[in-house]
Amino acid sequence: MNIHSTAPAPDAPGPGWPELADVDLLRTLVETERRRRRLDAAMRAAVAEAERRGLAAGTGYRDTVELLTDLLRISAHEARRRIEYTAPQARSRSRKVWRVLAAAS
């Protein structure tokens, strides 16, 4: 494993993947995932806010799915997935909780 850094400055165009040191590839994997998670969270928040405001109707779209498909150039399936992903999820109770509740009755 090559442990000597060959990384260029962050976000700078660099050498091809084959020339990148192992340690830099590992760092790139971690940093890219961190950024992806931040972007996903920002997108979820923005979609949720658009839904909350009824932004689609206010801008001439039939619904948020239509707004997202047109604005973001994504499929209707992907737009629905993003909207569903922003909705609060009901958490199912674990089996332990159900056992405790059953024992208490």
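# A quick tour of an all-helix model

Glutamate 33 and arginine 36 form a salt bridge, with their closest N and O atoms 2.5 Å apart. That pair is one small piece of a predicted model, and a search of the whole structure turns up 13 salt bridges. The protein has 105 residues, and 15% of them count as buried. Below is a walk through the overall layout, the core, one helix in detail, the charged pairs and a patch on the surface.

**The overall layout**

- The secondary structure is easy to remember: 5 helices and 0 strands.
- Reading from the N terminus, the order of elements is simply α-α-α-α-α.
- If you take the contacts with a separation of 6 or more, residues 24 or more positions apart account for 19% of them.
- The protein exposes about 8600 Å², and carbon and sulfur atoms supply 58% of that area.

**The nonpolar core**

- Which residues make up the largest nonpolar core? There are 8 of them: Val47, Ala56, Val65, Leu67, Leu68, Ile74, Ala79 and Ile83.
- Two elements, α3 (64-72) and α4 (76-86), each give two or more residues to this core.
- The top contributor is α3, with 3 residues.
- Alanine 56 is one of the core residues. Setting aside its neighbours within four places in sequence, alanine 56 is in contact with Tyr61, Asp63, Thr64 and Leu67.

**Helix α4 and its two sides**

- Which residues of α4 are buried? They are Glu78, Ala79 and Ile83.
- Looking down the axis of α4, you'd find these buried residues within an arc of 135°, so they line one face of the helix.
- What do the buried residues of α4 pack against? Their partners are α1 and α3.
- Now turn to the face of α4 that points away from the buried side: that's where you'll find the exposed residues His77, Glu84 and Tyr85.
- Two of the buried residues named above, Ala79 and Ile83, also belong to the largest nonpolar core.

**Charged pairs along helix α1**

- Here's a handy rule for this part: an α-helix has 3.6 residues a turn, so residues three or four places apart point the same way.
- Back to the opening pair: glutamate 33 and arginine 36 are 3 residues apart in helix α1, which means about one helical turn separates them.
- Are the two partners buried or exposed? Each lands in between: glutamate 33 is partly exposed at 27% relative accessibility, and arginine 36 is partly exposed at 39%.
- The pair also has company, since Glu33, Arg36, Arg37 and Asp40 are linked in a network of salt bridges.
- Elsewhere in the chain, the side chains of glutamate 49 and arginine 53 meet in a salt bridge at 2.8 Å, N to O.
- Glutamate 49 and arginine 53 both sit in helix α1 too, 4 residues apart, which is about one turn of the helix.
- Glutamate 49 is partly exposed, with a relative accessible area of 26%, while arginine 53 is exposed at 59%.

**Arginine 73, a loop residue to look up**

- Where is arginine 73? Look in the loop between α3 and α4.
- Arginine 73 has a positive phi of about 60°, even though it is not a glycine.
- Arginine 73 also forms a salt bridge with aspartate 70, and the closest N and O atoms are 3.0 Å apart.
- How much of each partner is accessible? Arginine 73 is exposed, with a relative accessible area of 65%, and aspartate 70 is partly exposed at 34%.
- Arginine 73 counts as exposed because its 65% is over the 50% cut-off.

**A nonpolar patch on the surface**

- Nonpolar side chains turn up on the outside as well: Trp17, Leu25, Leu26, Leu29 and Val30 make a nonpolar surface patch of about 530 Å².
- One of the patch residues, leucine 29, lies in helix α1, which covers residues 22-53.
- Is leucine 29 buried or exposed? Leucine 29 is exposed, with a relative accessible area of 53%.

Key: Residues numbered from 1 in each chain as written. Predicted model: local features only at pLDDT ≥ 70, side-chain atom pairs only at ≥ 80, totals over all residues. Heavy atoms only, no water. Patch = residues over 30% accessible without salt bridge, like charges linked within 9 Å, V, L, I, M, F, W, Y side chains within 5 Å. Areas by Shrake-Rupley, 256 points an atom, 1.4 Å probe, with all protein chains shown as cover. Salt bridge = Lys/Arg side-chain N within 4 Å of Asp/Glu carboxyl O. Buried < 20%, exposed > 50% of the residue type's maximum accessible area, 1.4 Å probe, protein only. Core = buried A, V, L, I, M, F, W, Y, C linked by side-chain atoms within 4.5 Å. Contact = heavy atoms within 4.5 Å. Arc of directions from axis to C-beta.
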